[in-house]
Amino acid sequence: MSANRDRNIRRTALQTVCVVLVMGGLAWASVPFYDWFCRVTGFGGATSVAEAGSDTVLDQTITVRFDASLERDMPWEFRPVEREMEIRIGETGLAFYEAHNPTDRPVAGQAAYNVAPYAAGGYFEKIECFCFTEQVLQPGETVMMPVSFFVDPEIVEDREAKYVHEITLSYTFYEIDLPEDTQTAALAPGKESLTPPAGQAIETN
């Protein structure tokens, strides 16, 4: 009886340690993991991707709000240029986010994103977005990053989403490793600047 109890105690302790290790690992990679999970499952208001705009535009309008944040230790400054816009359902909208690298080194970032309320996530269609690719900002560089989108007219047929009148699109930038070509160029003598990757369409510095 005592031996069985000891085995149960050891088994419980081992399971507890495993849970702690797994949770710690998920917390360490929280934003990248959450972003991947949402994109694969549609959980948490993950958006959809469209190749073109909608063929149907309704008279009904919806307000889209824009939110920006940074993962801990990400040194950039990041904000939406417009806080909100009102568009017709099915109409293509274009919004910009501004990012600035105040450091003296190149910094690469990737944006995680979601939509609230969650019921609207599957009807928020992105056509083009800076979040589709990694972004690299040079020291002191400021860029305007576009996102082109529309709200799928089918939202008015959804028994929950049809009551949504406001949608919030949120981005969180987290730092990633620099691409190899950027690292090599940064170390090359006499190399003062690099051409930014796709998605950084407008430079303001």
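**Exercise 1. Identify which residues have the most contacts inside the largest nonpolar core, and which strands supply it.**

Solution. The largest nonpolar core holds 36 residues, and F78, F130, F149 and Y171 have the most contacts inside it. Such a core is a set of buried Ala, Val, Leu, Ile, Met, Phe, Trp, Tyr and Cys residues joined through side-chain atoms within 4.5 Å. Buried means under 20% relative accessible area, exposed over 50%, and partly exposed in between (1.4 Å probe, protein chains only).

Next, the strands. At least two core residues come from each of β2 (61–70), β4 (84–88), β5 (93–100), β6 (107–116), β7 (124–129), β9 (142–151) and β10 (166–176). β9 gives the most, five residues. Strands are DSSP runs of E, at least two residues, numbered from the N terminus.

The model is predicted: local features need pLDDT of at least 70, side-chain atom pairs count only at pLDDT 80 or more, and totals for chains, interfaces and linings use all residues. Residues are numbered from 1 along each chain as its sequence is written, and side-chain values use heavy atoms, with hydrogens and water left out.

**Exercise 2. Give the strand order of the open five-stranded sheet and find its edges.**

Solution. The order is β4-β2-β10-β6-β8, with mixed pairing. Two strands pair if DSSP finds at least two bridges between them. β4 and β8 (135–137) each have a single partner strand, so one side of each lacks a neighbour in the sheet. On average, neighbouring strands are turned by 30° against each other, direction ignored; axes are lines fitted to C-alpha atoms.

At the β4 end, β2 and β4 run antiparallel and are joined by five bridges. I62 stands opposite I87 in β4.

**Exercise 3. Describe strand β3 and the surroundings of E98.**

Solution. Strand β3 (residues 77–80) has F78 and P80 on a covered face, and E77 and R79 on an uncovered one. Four bridges join β3 to β5, and the two run antiparallel. P80 has Y97 in β5 as its bridge partner.

E98 also lies in β5. E98 counts as buried, at 19% relative accessibility. Leaving out residues up to four places away in sequence, E98 touches E77, F78, R79, V81, T142, V143 and M144, where contact means heavy atoms within 4.5 Å.

**Exercise 4. Locate the disulfide and state whether its cysteines are buried or exposed.**

Solution. A disulfide is counted when two cysteine sulfur atoms lie within 2.5 Å. The count comes to one: C129 is joined to C131, S to S 2.4 Å. The link is right-handed, with 130° about the S-S bond. C129 is buried at 9% relative accessibility, and C131 is buried at 0%.

Key
Axes are lines fitted to C-alpha atoms, for helices over the stretch in contact, and angles run from 0 to 180 degrees between N-to-C directions.
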